[in-house]
Amino acid sequence: MTFKRLFTLAAALLAVMLVACEKEPSTSGLYNDYLVYTDYDSSQDFSRFTTFFIPDSILVIGSRDKAEYWNDEHSREIVAEVAAQLTQRGYTATTDKSAADVGMQLSYVRRVTYFAGCNLPYWWWEYPFYWVPGYWGDWFGWYYPYEVNYGYAAGSLLVEMLDLETPSPKSDEPRLTVVWDCFIGGLLSDSERLDTRRALEGIGQAFEQSPYLSKSSK
């Protein structure tokens, strides 16, 4: 065997050894990204909704015994982004809750993990200061016309669209129907500015993957 062939064989073996010993790429960075999940009532005709009302604050679900609402420059950016996304899709904002077709409620989970399901009691019934149905009008409770099972981790943003016009047909009591909801996870970091940016990007993604909300989608 010539020196040239030996050198070529040695180089090939070295290359194989380097590839075999190469460290697997780390996926730990994926945990720094956000998760965007949306669901909706497929039986709804979203074109019948024209106006929306959105509170100027975000409810904080945390460890305090009294209701806590997030209302600063960061929360207002998030609220404004939801309103802007709806406006871009043909909805009109109103400051009169009684005149709105849909209500948008935003909640931020700061610590514990909750699980939600279609069967009563909903997880938020165990939280004493969730958006009560009376906030929107003369309603008894909530109704999801589709299966909902989430794990809400600390740093999660929840956005729900409520039908304020049509009571649920599955109850003797008038219930608010949740026709669309969004869960954005992975928002908690050491930077409030970064958390806000992730929330804004997550909201944009949530509407992008929900084309049925757009008036021009038909």
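I took contact to mean heavy atoms within 4.5 Å. The model I examined is predicted.

**Entry: Ala199**

I began with Ala199, which I located in helix α3. Leaving aside residues up to four places away in sequence, I found that Ala199 touches Ile78, Leu157, Ile184 and Leu187. I then asked whether Ala199 is buried or exposed. Its relative accessibility is 2%, so I entered Ala199 as buried, the cut-off being under 20%. I also looked up the pair Ala199 and Gly185: their C-alpha atoms lie 8.8 Å apart in space, and 14 residues separate them in sequence.

**Entry: the largest pocket**

I turned next to the largest pocket, which holds about 150 Å³ of space. Which residues line the largest pocket? I listed Trp70, Ile78, Tyr108, Arg110, Leu157, Leu187, Leu188, Glu192, Asp195, Thr196 and Ala199. Ala199 is thus on the list, as are three of its contacts, Ile78, Leu157 and Leu187. Sorting the lining by class, I recorded seven nonpolar residues, three charged and one polar. I noted that α3 contributes the most to this lining, with four residues.

**Entry: helix α2**

Ile78, met above as a contact of Ala199, is also among the buried residues of α2. I therefore checked the geometry of this helix, residues 73-88: at 1.5 Å a residue, its 16 residues should span 22 Å, and the end C-alpha atoms are 22 Å apart, which agrees.

The buried residues of α2 that I recorded are His74, Ser75, Ile78, Val79, Val82, Ala83, Gln85 and Leu86. What covers these residues? I found that the cover includes the strands β2 (51-53), β3 (58-61), β4 (68-70), β6 (102-109) and β10 (156-163), together with helix α3 (192-208).

I then inspected both ends of α2. At the N-terminal end, Asp72 acts as a cap, with a side-chain oxygen 2.9 Å from the backbone nitrogen of His74. Just after the helix, I noted a positive phi of about 100 degrees at Gly90.

**Entry: the chain as a whole**

Finally, I recorded the overall architecture. I counted three helices and 11 strands in the chain, and along the sequence I read the pattern α-β-β-β-β-α-β-β-β-β-β-β-β-α. The chain has 218 residues, of which 44% count as buried. Among contacts with a separation of 6 or more, I found that 79% join residues 24 or more positions apart.

How values were computed: Residues numbered from 1 in each chain as written. Predicted model: local features only at pLDDT ≥ 70, side-chain atom pairs only at ≥ 80, totals over all residues. Heavy atoms only, no water. Helix = DSSP H or I, 4+ residues; strand = E, 2+ residues; numbered from the N terminus. Expected span 1.5 Å × (residues − 1). Buried < 20%, exposed > 50% of the residue type's maximum accessible area, 1.4 Å probe, protein only. Polar contact = N/O pair within 3.5 Å; in protein donor to acceptor, adjacent residues only side chain to side chain. 1 Å grid on protein atoms, 1.4 Å probe; cavity = no way out; pocket = protein on both sides within 12 Å on 5 of 7 lines; lining within 4 Å. Points joined across faces, edges and corners; volume = space filled by probe spheres on them. Nonpolar A, V, L, I, M, F, W, Y, C, P; charged D, E, K, R; others polar.
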